[in-house]
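Biologist: Can you put the model up? I'd like to go through the DNA contacts and then how the two copies are arranged.

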Number of protein chains: 2
Amino acid sequence: MKDVAEQADVSKSTVSQYLNKRYSYMSSATREKIRVAIEELGYYPNQIAKSLKQKNTHVIAFICATLSSRFSLELLATIESVFQDAGYSVIIAATEDDPSKERSLINSFIARQVDGIIVFPTEENRDFYQKLQQRKFPVVFIDRLLDNVEIPSVLLDNKRAGYEATRELLKQGHQNIGIVTFPLGDNITTRVERIQGYKQALAKFNIEMNTANVISCLSNQVDTELTSLLKQKNAPTGLVLTNDILLEKTLMWVKRHHIKIPNELSLVGIDDVVFAQLFDPEITTLAQPITKIGVRAAKLLLKMLATDSSLIVEDYQYAPVLKQRNSIKSL
Amino acid sequence: MKDVAEQADVSKSTVSQYLNKRYSYMSSATREKIRVAIEELGYYPNQIAKSLKQKNTHVIAFICATLSSRFSLELLATIESVFQDAGYSVIIAATEDDPSKERSLINSFIARQVDGIIVFPTEENRDFYQKLQQRKFPVVFIDRLLDNVEIPSVLLDNKRAGYEATRELLKQGHQNIGIVTFPLGDNITTRVERIQGYKQALAKFNIEMNTANVISCLSNQVDTELTSLLKQKNAPTGLVLTNDILLEKTLMWVKRHHIKIPNELSLVGIDDVVFAQLFDPEITTLAQPITKIGVRAAKLLLKMLATDSSLIVEDYQYAPVLKQRNSIKSL
DNA sequence: TGTTTTTTGTAAACCGGTTTACTAAACTTC
DNA sequence: GAAGTTTAGTAAACCGGTTTACAAAAAACA
């Protein structure tokens with residue numbers, strides 16, 4: 001910029017005015033001189049320097065649990081597009097649900113002066129987020145919720161999703177229903193609430209829950225867990241798969257074991273994915289309105305950035321969308 | 001930092017030394033005083049200010065054509081993980097193959113002082129990249145190549161993928177083979193070379209290419225194009241789908257029209273995706289070694305950043321991996 | 001013509017760190 | 001105890017922009 005100023009024979013300040021299109025302090029001759037100088041020198045401004053002074057970077061961070069689920073990736077695509085249109089860039093990271101990694105990533109992003117964060121939070125970091133909120137740092141929770149933390153959140157109505165998935169099986173006469181979920185020990189609301197919905201649905205149909213029917217494991221254990229559950233003498237006749245990864249693993253297992261769906265086993269998935277529709281038979285699922293969730297979260301954060309008030313506390317829970325297909329046998 | 005310095009009753013310089021763990025200029029008493037002051041003030045350093053002086057940000061950009069293909073997203077997951085381990089953050093964007101958007105995104109990332117870029121380049125921006133290379137700005141091409149531009153690239157051996165996919169059909173006796181690709185007009189090497197491979201395979205088997213068998217369209221036109229191609233009297237008996245999105249659209253079309261695979265139509269896809277394995281029958285594909293490609297590109301860029309020399313010109317073309325399944329009928 | 005007002009522009013501080021060149025004090029060495 | 005060497009630490013310039021307060025020149029006005 002100094003070079004441009006010298007070349008155009010004006011001051012640095014004037015060049016800065018020019019770059020910010022504040023032409024009122026400038027004759028058209030000066031304007032032209034600067035334009036030429038910039039052109040000749042191939043000058044382009046350093047956004048970092050600007051950010052330092054102005055205390056904003058027009059960068060936001062999207063921190064998800066994993067980048068290997070379709071859900072996160074579609075969310076990312078949606079969010080990126082909203083922010084790109086708003087002139088923001090998106091920086092990403094995956095925590096693999098490791099709370100300390102989550103904290104260190106967020107701290108490093110804040111050190112990098114991102115303007116805001118959209119994150120899949122974990123329960124263990126409740127205090128950490130509370131502090132962020134007190135410091136009025138703009139954060140939006142997505143996919144998950146932390147009770148008693150005043151940070152806006154956008155997510156699926158998970159209890160309802162668990163409930164409706166289970167009800168689809170119950171309505172067709174299934175009494176003995178299994179459910180597969182990622183580990184419940186981490187207290188991740190998504191998981192806990194889907195299970196709660198499952199319990200509620202059973203209760204509504206006056207069915208006692210059988211804890212042996214709840215498989216809580218990592219994706220690489222789905223195979224053995226399913227095999228051992230399904231070979232029991234009173235094995236469930238229907239299964240709820242609580243996310244896309246678990247549905248995928250289950251379908252792989254189904255193929256390998258040549259199990260007939262829905263005659264030998266009925267299935268319902270949460271998260272709609274392309275292979276649910278391409279499988280034979282097509283799998284009934286409860287879809288998350290991913291685009292709605294992503295757009296809402298992005299706009300919420302943009303609003304927080306614009307109003308500069310972290311006073312916004314809005315919580316959105318979206319209803320799941322039933323995709324009725326052919327993976328449930330009527331008993 | 002000034003506050004910390006005052007609180008600890010030392011100079012700003014000393015605090016800076018402390019933060020950078022250059023303890024040699026410091027007594028242990030001073031060290032402790034600074035530690036306490038930082039603790040008390042809850043101070044954390046501003047990375048932007050550091051970047052301004054040090055001229056690096058430890059941020060790189062990943063610019064892909066679209067975030068809706070499985071391929072890009074898996075690549076992203078891989079790349080993000082390598083860079084996270086190396087202490088870098090990844091900023092992302094999608095160009096939708098719009099060359100001017102591509103340029104403006106890259107310019108804005110450079111203005112933001114990213115340390116390097118991994119990009120899916122488009123032909124039209126050849127000159128633009130040439131200039132970047134002359135300025136020694138670290139760029140790695142991924143998935144695609146630009147002839148006569150000395151920028152390292154990491155990609156599938158696309159010609160070979162097209163060749164092998166076609167050969168699988170030819171080997172089973174197919175003579176009349178169609179291929180579906182995204183528009184060829186944009187000169188995107190991935191597309192062009194896969195078609196070249198297709199031609200070469202046909203030539204090898206002494207078969208004249210029939211241009212009517214080449215469908216070049218966007219994903220929302222696949223349906224009508226396939227319908228019109230396949231209803232002709234000498235319709236192809238086998239089809240090569242040149243990427244995951246086209247395979248998905250084709251499988252949807254197949255289901256809707258109740259076409260028996262492979263009896264009524266044989267299929268081979270390029271890009272292995274989970275639904276290829278879950279479909280009935282399982283679809284034969286040529287997989288890209290996505291992890292290898294991603295890791296290689298990431299490490300290449302890291303190397304360029306470390307050696308500070310844009311003198312590295314390495315081109316990697318990875319062989320596709322045949323996943324032989326049951327979607328080809330033997331004639 | 002002298003006084004205001006407007007136009008055009010600048011100097012200098014600032015953002016929050018890093019780094020270089022320099023020095024006072026303490027310690028060795030002979 | 002003089003000279004040399006370490007140790008511990010600082011002042012000030014710098015990175016590349018923005019912004020505020022101030023001012024000279026030109027234009028308008030009386």
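Modeller: One term before we start: buried means under 20% relative accessible area, computed with a 1.4 Å probe on the protein chains only. Also, this is a predicted model.

Biologist: Fine. Is T30(B) buried or exposed, then?

Modeller: T30(B) has a relative accessible area of 16%, so it counts as buried. DNA is not part of that calculation, because the area is taken on protein chains only.

Biologist: Where does T30(B) sit, and what is it in contact with?

Modeller: T30(B) is in helix α3 of chain B, which covers residues 28-41. Leaving aside neighbours within four places in sequence, T30(B) is in contact with V10(B) and T14(B).

Biologist: And how far is its polar side-chain atom from a phosphate oxygen of DNA strand D?

Modeller: That distance is 2.6 Å for T30(B). T30(B) is also one of the closest residues to strand D, along with S16(A), T14(B), S27(B) and K55(B). In total, 26 residues surround that strand.

Biologist: Which other polar contacts are there to strand D?

Modeller: Two others to mention. A polar backbone atom of N46(A) is 3.1 Å from a phosphate oxygen of DNA strand D. K53(B) goes to a base instead: an N or O atom in its side chain is 3.3 Å from a base oxygen of that strand.

Biologist: What share of the strand D atoms within 4 Å of the protein belongs to sugar or phosphate?

Modeller: The share is 62%, and the rest belong to bases.

Biologist: Which helices supply the surface near strand D?

Modeller: α2 (12-19) and α4 (47-54) of chain A, and α2 (12-19) and α4 (47-54) of chain B, each supply at least two residues. The largest share is five residues, from α4(A). By class, that surface has nine nonpolar, 11 polar and six charged residues.

Biologist: Now the other strand. Which residues are closest to DNA strand C?

Modeller: The closest are T14(A), S27(A), T30(A), K55(A) and S16(B), out of 26 residues that surround strand C. Sugar and phosphate account for 62% of the strand C atoms within 4 Å of the protein. Here α4(B) gives the most to the surface, with five residues.

Biologist: Any backbone contacts to strand C? Which ones, and how far?

Modeller: A polar backbone atom of S27(A) is 2.6 Å from a phosphate oxygen of strand C. From chain B, a backbone N or O atom of M1(B) lies 3.3 Å from a phosphate oxygen. A49(B) has a backbone N or O atom 3.4 Å from a base nitrogen.

Biologist: Changing topic. What rotation superposes chain A on chain B?

Modeller: A rotation of 180 degrees with 0.0 Å of shift along its axis, at an RMSD of 0.1 Å. That is the relation of a two-fold axis.

Biologist: Which residue of chain A comes closest to that axis?

Modeller: I91(A), with its C-alpha at 2.0 Å. As for the interface, 100% of the interface residues of chain A are also interface residues in chain B, so the copies meet through the same surface.

Biologist: How is chain A divided into domains?

Modeller: The domain assignment gives domain 1 (2-45), domain 2 (55-156 + 290-318) and domain 3 (158-288). The C-alpha centres of domains 1 and 3 of chain A lie 65 Å apart.

Biologist: Last one: T166(A). Buried or exposed?

Modeller: T166(A) is buried, with a relative accessible area of 0%. T166(A) is found in helix α8 (residues 158-171) of chain A. Not counting residues up to four places away in sequence, T166(A) touches I177(A), Y198(A), A201(A), L202(A) and V240(A).

Terms used:
Residues numbered from 1 in each chain as written. Chains lettered and ligands numbered in written order. Predicted model: local features only at pLDDT ≥ 70, side-chain atom pairs only at ≥ 80, totals over all residues. Heavy atoms only, no water. Near = heavy atom within 4 Å. Polar contact = N/O pair within 3.5 Å; in protein donor to acceptor, adjacent residues only side chain to side chain. Helix = DSSP H or I, 4+ residues; strand = E, 2+ residues; numbered from the N terminus. Nonpolar A, V, L, I, M, F, W, Y, C, P; charged D, E, K, R; others polar. Domains from an automatic or database assignment. Least-squares fit on C-alpha atoms with pLDDT ≥ 70 in both. Contact = heavy atoms within 4.5 Å. Buried < 20%, exposed > 50% of the residue type's maximum accessible area, 1.4 Å probe, protein only.
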